[in-house]
Amino acid sequence: MGKKIKKEVEPPPKDVFDPLSVESKKAATVVLMLSSPEEEVLSKACEAIYKFASKGEENKLTLLDLGALEPLFKLVTHEDPIVRRNATMVVGVMASHNDVKKSLRQLDVTSAFIARLAPEEDVVTHEFASLCLVHMAAEYNSKVQIFEQGGLEPLISLLGSPDPDVKKNCVECIYNMVQDFQSRAAVRELNVIPPLLDLLKSDYPIIQLLALKTLGTISIDRETRVMLREHQGLDHLFKILETKEFNDLHVEALGVVANCLEDVDTMQLIQETGGLRKLLAFTEVSTLTDFQKNAAKAIAKAAYDPENRKILNEQEVEKCLVTLLGTDNDGTKIAASQAIAAMCENLASKQTIGTLGIPQLVQLLSSDNEEVKEAAATALVNLTTAHPANASAVAEADGIEPLINLLSSKRDGVVASAATVLTNLATQEPLRLSIQSHGIMTAIVEPLHSTNSIVQSRAALTVAAVGCDADARTELRNSGGLDPLIKLLYSKHDEVRRNACWAVMVCAADDPTAAAMTRLGALDILEEINLSIGRKNNFSDAALDSILDHNLPQKYSQMGFLTSSNIITDGFYDFGQVKPGVKLLSLEELSAQQLNDRRAIILVNSKTPELKGKGKKEEEKPKEEEPEPVMPKIVEEVPLKALWYPPVDSILVDYITEVSKTILPLPTTKEQVVALAQFVAEKMGGPIETDKLHEFSWELHISEIEYELKCNVVPIGKINKGTFYHRALLFKVLADRIGVSCSLVRGEYTRAWNEVKLVDDSPLGIPGLLLPPQVYIVDLMYQPGNLMKEGSPEADRYGRI
C-alpha cells in the first residue's frame, strides 16, 4: 500500500554527447532538428523535447504551436527503435493536453500507437504508447477506432507486463474502453477476467483501484458475472473487503460484488460460503459512508429478483437496512429506504421491517433533504400497501401529520408517495377519521392542481379513499377542491381520468356536493367520457350515476328511469325527456317562466317551508290578527326575501296521510302494490277502457290547471285526469313514502310504468321453498292493480299501446 509508480528513463550511453538543454526560446531550433536524417540527432532531439514537455501544460502547447506534433508522430513509426521509443515518449506525455489530443485525432494516430504495443517493442515504448491511448480513449470516436483497429487484445496482453506503469496505463485504457458495450463484450471474449484478478494482488493501490473499477463496469453484463464466478473472483473481492488496510478499495470492491448479487446463482454461492453475512456485518460497522450507501444500493438492486429477496430475508437483511436508516449520511438513508422499498415485495420482509423500521422512516419524513423524504415515503408506500398492521404502525408512530405536511412539497415524488401512504391508511375507518381530523381534504387541494399526472392520479385516489365521510366531503367542497377534481376528468391520462371518476363517484354521495359538481360541469364531461370507447372506464358510468342519484329530476329527464333506491323527495319535478348534455333549469327558474305551450312540468312537494327567526314570528302573528299589514314586514326581512320555496301541494299531503293509514298496514307487499295502484288510478281519473283511451281528455285538464296557476309547473296533487306518466310518477312518490320498493321507467310518447319485485308462491306447494323474486309491471290505467310479469305480451302492450 502507498507505493507510487516512478521510473527514470534509461540513461544515454557514455560515448555520446550530453542531452540538449532546451529552453522555450530554443525550442523552435530543437523542433527543426526533428527533420534531421541522422538517427542520433533525432533521438537526442526527442529526448530534449520530452524533458521540456514534461515541465508543464504551457510547454506542451508551445510545442504544438511550433508544429512539433506532426514530425514527432512520424518518428513514432521510425525504423530505429530508440527513435521510435523517444518519439513515443514525447507524444505520450503531450497527449494529456486537450489541444494536442484534438490534433492527434486529426492525424489518426491510434493504429500507430496500437502497433507500439507489440511484444518486440521495449517496455518504455509500451508505457508511453499505452499512456497516449489512455488519453485518446477518453473520447468516444477514439474508443471506436481503438476497438475497430484491434487495440483491446494487445492492451489485455500487457496487463501481465512486469512493468507497473505499463499495467497501470493498459488497465486504465481498458477501463475507458469498456464504458462502451461493444468493448465490454469484446474483453469478455478475450478472457480479460484472469489478468484483472491478478492485478488485485498488485503492490500499487492505483492499479488495484483501476482493476476494480474495470471489473465493476464489465460485471454489469450477466455473462461476465458468470465468468467472474467461475474464476473465483468473489474470493478475491472478499479478501479485499476483509482487509482493513485496503479500506480505500472497499467501495470499488463492493461495487463489483453488488453487480454479482443480481444473479441468483451468485447470491446463493455468497450465502453458502458465508459471504453475504460477512457483507452485511461489514456494512453495519463500516465507517465509510460510501460503502454503506453502496451496500444499500446493492441490496436494492439484488432485491428486484424474488429468489434474491428470499435469500436476503433469510440472512436478516432487514436489520442491517434499519440500522442504516439511523446513519448521519443522507445518501445512505436514501439508499437504505430504497432497499427497504424493494424488499417489501417479500411479505416476511414487509412484516419484519414494519416492526423494526416504521418509526425511523416516519422520522425521515421530516428531514431537511427532499430526496430523503421521498425515499422514506416511497418505502412507507410499499410497507403499507395491503398490510393493515403496518398502516396502523405508521399512525402509531405519529406519521399522519408529517405525511399531510408532505402534500405541500415542491417535489412531485414526495407528494405522490405521501398521498399513496395516506390512501393506504384510509382503508381503515379509525385511521381515516384521524387523517380527516388533520385537514387532509384542505391539504389535498394543492396536489389536485398539480400538472404532474402521477401526482394528479394519487391525489384523486386519496380523495376517493377519504371522501366516503360526509365531513370530508364538506371540507373538500369548502376548500375549493371540487373544481380541480372535476378538471381531472378531462385528463388524457387514463389512470388520472379513472381515479378522478372514482373520486367523483364517492364524493357525489350527498346532495350539496353532487349539486356543486354538476354546476362545475361534471355531468357534461362524464357523459362525454361515457360516449367514448377509448376514454370510458370502470368508474365513469358509476360516477355519472352517483351524481344523477342526487339530482333525480335530471336523472329521470335524461336517463328515463329511477331505480327502487332512487327515493323521490319533496322538490322533485318531471320536466320530460331531454337529450344527454341538456341541463335542466332550477325549479325556481322554471316557475318564473311565463306560461308556454310545452308540456307541463309536474311538481312533487308536500313540504311546508320552515321559516326561521323573526320572520317566522311575524308570519305567525298575523294569522290571528290582521293579515294584510303584515306582508310588507315579511318582505322586508332579508333572509326571507332571499329564499324561494315551491308551492305546497296540500292534496299530495292528504294522499300521503291516507295511504299511510290504509295501505301501509296491509300484510303483504303484493296487497300494498295492488291497493296503491287502485288508489292512484282512482285519484287520476279511474280505469280507462283500452279502446276509449283516445277519448280520455287529460291534455285539456292539464292545460286548464296551467292556465289557472299561470304557470307551467303543476303540482301532481292537482291532476284529476292523469295518463300513464302522471300515474306512474304518483305511484312511485307514494310507494317511496310507505316503503314499497319500486322503479319508475319512462317509455315513448306519454308512456311510463312502475316495476316491482314480488316473490311468487311455490308452484309445487312445498312449504319453505323460496323462489327468486319476479319483476312485475303495475297496471295503473286499464285494470288498476293488475300485475303483469315482465316480458309478457300484456306487459309489452302496456308499454307500447
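Below, a biologist and a modeller talk through the pocket, the cavity and the sheet of a predicted model.

Biologist: What makes the largest pocket a pocket and not a cavity?

Modeller: A pocket is an open set of points, whereas a cavity is a set where a 1.4 Å probe fits but cannot get out. The largest pocket has a volume of about 1,000 Å³.

Biologist: Which residues lie nearest the centre of the largest pocket?

Modeller: They are H550, N551, P553, G571 and Y573. In total, 32 residues line this pocket.

Biologist: Which elements give two or more residues to that lining?

Modeller: There are helices α36 (511–519), α39 (552–559) and α40 (587–592), plus strand β2 (572–574). The largest share comes from α36, with four residues.

Biologist: How do the lining residues of the largest pocket divide by class?

Modeller: The count is 13 nonpolar, 11 polar and eight charged. Gly counts as polar and Tyr as nonpolar. Therefore G571, listed near the centre, is polar, and Y573 is nonpolar.

Biologist: Now the cavity. How many cavities of 30 Å³ or more does a search of the whole structure find?

Modeller: One. About 30 Å³ of space lies in the largest cavity.

Biologist: What makes K143 a lining residue of the largest cavity?

Modeller: A lining residue has an atom within 4 Å of a point. K143 is on the list, together with V144, F147, D180, Q182 and S183.

Biologist: Which helix gives the most to the lining of the largest cavity?

Modeller: Helix α9 does, with three residues. Both α9 (140–148) and α12 (181–189) supply at least two.

Biologist: How do you know that the lining of the largest cavity has two charged residues?

Modeller: Asp, Glu, Lys and Arg count as charged, so K143 and D180 qualify. The other classes are two nonpolar and two polar residues.

Biologist: Next, the sheet. Why do β3 and β4 count as paired strands?

Modeller: Pairing needs at least two bridges. Three bridges join β3 (residues 601–604) to β4, so the pair qualifies. These strands run parallel. Within the pair, L603 stands opposite P715 in β4.

Biologist: What is the strand order in the open sheet of three strands?

Modeller: The order is β2-β3-β4, with mixed pairing.

Biologist: Why is one side of β2 left without a neighbour in the sheet?

Modeller: β2 stands at an edge and has a single partner strand, so one side has no neighbour. The same holds for β4 (713–715). From one strand to the next, the twist averages 30°.

Key:
Residues numbered from 1 in each chain as written. Predicted model: local features only at pLDDT ≥ 70, side-chain atom pairs only at ≥ 80, totals over all residues. Heavy atoms only, no water. 1 Å grid on protein atoms, 1.4 Å probe; cavity = no way out; pocket = protein on both sides within 12 Å on 5 of 7 lines; lining within 4 Å. Points joined across faces, edges and corners; volume = space filled by probe spheres on them. Axes fitted to C-alpha atoms, helices over the stretch in contact; angles between N-to-C directions.
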